[in-house]
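Open the model in a viewer and keep the selection panel at hand. The stops below go from one selection to the next.

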Amino acid sequence: MSLTRLGLRYPLIVAPMAGGPSTPKLTAISSNTGALGSIGAAYLTPNQIKIAADEVKKNTQKPFAINLFVPSNTKDPTPNQIHIAKEELKPYEQQLHVKIPDIQGPFDHDFDQQVEAVLDARPSVFSFCFGLLPKEYIKKAHDEGILVVGTATTVDEAILLCKNNVDAIVLQGVEAGGHRGIFDVQAEDPQISTFNLLNDCLKNKMLCKVPLIAAGGIMNSNHIKKMLNAGASAVQMGTAFLTCTEAGTSAPYRRALSKESRDTELTRVFSGRIARGIKNKFLNEMKTKNILSFPAQNTLTRFLRNASVQNDSEDYLSLWSGTGEGTLWTGSAEDLIKDLFDNVPNKH
Ligand SMILES: Cc1cc2nc3c(=O)[nH]c(=O)nc-3n(C[C@H](O)[C@H](O)[C@H](O)COP(=O)(O)O)c2cc1C
């Protein structure tokens with residue numbers, strides 16, 4: 001099985017978490033401890049990807065992953081659509097004493113250059129979400145000995161990834177924190193749980209031969225055992241690592257995560273794509289249809305998130321979090337990984 005090639009001590013991928021939480025320190029310590037650390041590189045420029053990968057390589061000799069968002073190929077919004085979306089944000093301009101910036105496309109990063117930077121960095125794993133990677137990139141990655149891992153939220157998406165020639169598939173259930181990996185940017189959320197998605201994929205003749213990685217709502221040893229016993233080759237965990245010392249999570253975001261119950265909801269209001277986050281003022285108030293497509297909405301609302309951090313406030317931040325319960329770990333990722341796997345036999 002292709003994941004075995006990585007020689008991981010633990011069948012765990014510490015999730016790529018773009019936008020701050022994934023730091024080179026978190027990636028390196030996760031890999032050094034025996035899991036697969038990931039760089040969430042979706043919002044990074046090619047040069048930033050190089051810098052992050054160099055930093056990780058300085059701190060670990062072990063395998064690590066770099067993760068990108070496949071562009072959705074939606075048309076950039078028109079100036080009129082941008083004007084309407086900005087009007088929706090006017091009240092926040094006054095509340096936060098900041099000006100809504102003028103935004104202009106193209107909003108997507110240059111994906112081809114990002115991919116080149118990933119391939120140049122030669123991580124052990126190139127992971128991605130939001131669709132399929134062009135086959136020539138998969139071939140290039142394979143030629144360099146890089147394993148390719150896609151993300152699916154339905155059996156149909158997993159089958160497409162399989163035909164796309166990926167080496168493993170992250171099955172992201174509806175419990176997952178952060179963006180949903182749904183291929184079609186406009187589609188409703190299929191809302192399939194991690195466990196059901198895993199079981200449905202394992203019933204499929206083609207998919208049961210590919211390493212399947214369960215992601216979403218996995219918070220402790222029992223959850224890990226349940227997924228591995230059901231047939232997952234590994235698990236991918238994000239939320240559980242958000243408050244580790246090495247994570248780049250901001251202070252107000254950490255506070256929101258530290259509350260006993262994390263009341264989450266699926267929303268498009270921050271970025272234009274469906275994502276799961278803790279309910280806060282902005283998420284509750286923005287009940288509007290005037291949301292730009294991804295990633296334009298993400299660019300438009302960035303000033304709110306920045307101002308929120310500057311004001312040490314949780315109110316306007318995208319507080320990505322899964323549905324998983326329990327107090328989150330605030331020590332080092334190394335101790336968390338060791339603790340999670342104390343009682344879990346290594347069977348990947
Ligand atoms: C803050 C945050 C950021 C995330 N960013 C990414 C990302 O950049 N790329 C990606 O493939 N998945 C991303 N995810 C989703 C994770 O890969 C994974 O599916 C999810 O964390 C699993 O659910 P859990 O949070 O309940 O563990 C993110 C999740 C969180 C919580």
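Select C162 first: this cysteine is buried, at 17% relative accessibility. Buried here means under 20% relative accessible area, exposed means over 50%, and partly exposed is in between, with a 1.4 Å probe and protein chains only. The model is a predicted one, in which local features need pLDDT of at least 70 and side-chain atom pairs count only at pLDDT 80 or more, while totals for chains, interfaces and linings use all residues. Residues are numbered from 1 along each chain as its sequence is written, and side-chain values use heavy atoms, with hydrogens and water left out.

Next, look for disulfides, defined as a pair of cysteine sulfur atoms within 2.5 Å. The search of the whole structure finds zero of them. C162 is in no disulfide, and the nearest cysteine sulfur, that of C208, is 9.4 Å away. Add C244 to the selection; this cysteine is buried, with a relative accessible area of 0%.

**Strand 6 and its neighbours**

Now select residues 168-172, which make up strand 6. Helices (H or I, at least four residues) and strands (E, at least two) are DSSP runs, numbered from the N terminus. Five of the five residues of strand 6 are buried, so the strand is largely enclosed by the rest of the structure. In a regular strand the side chains alternate between the two faces of the sheet. Show the side chains here: A168, V170 and Q172 point one way, I169 and L171 point the other way, and all are buried.

Which strands pair with strand 6? Two strands count as paired if DSSP finds at least two bridges between them. Strand 5 (residues 147-152) pairs with strand 6 in the parallel sense over four bridges, and T151 has V170 as its bridge partner in strand 6. Strand 8 (residues 212-215) also runs parallel to strand 6, joined to it by four bridges; in that pairing L171 stands opposite A214.

Add helix 6 (residues 155-163) to strands 5 and 6, and the three make a right-handed β-α-β unit. Right-handed means that, with the strands pointing away from the viewer, the path from the first strand over the helix to the second runs clockwise.

**The antiparallel sheet**

Move to strands 7, 11 and 10, which form an open sheet in that order with antiparallel pairing. Strand 7 (178-179) and strand 10 (264-267) stand at the edges with a single partner strand each, so one side of each has no neighbour in the sheet. Strand 7 pairs with strand 11 (residues 275-278) over two bridges. Select G178 to see R276 of strand 11 opposite.

**Aromatic rings**

Colour the aromatic residues next. Rings of Phe, Tyr and Trp (its six-membered ring) pair if their centres lie within 6.5 Å; planes under 30 degrees apart count as stacked, over 60 as edge-to-face and the rest as tilted. Ten aromatic pairs are found in the whole structure. One of them joins F126 and F128, edge-to-face, at 6.4 Å centre to centre with 65° between the planes. F126 is buried, at 0% relative accessible area, and F128 is buried, also at 0%. Then select Y92, F270, F282, Y316 and W320, which form one aromatic cluster.

Two further rings have a charge over them, meaning NZ of Lys or CZ of Arg within 6 Å of the ring centre and within 35 degrees of the ring normal. The charged end of K226 sits over the ring of F195, 4.3 Å from its centre. R273 lies over the face of F130, 3.7 Å from the ring centre.

**Salt bridges**

The last stops are salt bridges, each a side-chain nitrogen of Lys or Arg within 4 Å of a carboxyl oxygen of Asp or Glu. The count comes to 17.

- E93 and K90 meet at 3.3 Å, N to O. Both lie in helix 3 (residues 79-96), three residues apart, about one turn of the helix. E93 is buried at 15%, whereas K90 is partly exposed at 32%.
- D200 pairs with K203, the closest N and O atoms being 3.5 Å apart. D200 is partly exposed at 34%, and K203 is exposed at 68%.
- K281 pairs with E285 at 3.0 Å between the closest N and O atoms. Both lie in helix 10 (residues 281-285), four residues apart, about one turn of the helix. K281 is partly exposed at 26%, as is E285 at 41%.

Finish with R255, K259, D312 and E314, which are joined into one network by salt bridges that share partners.
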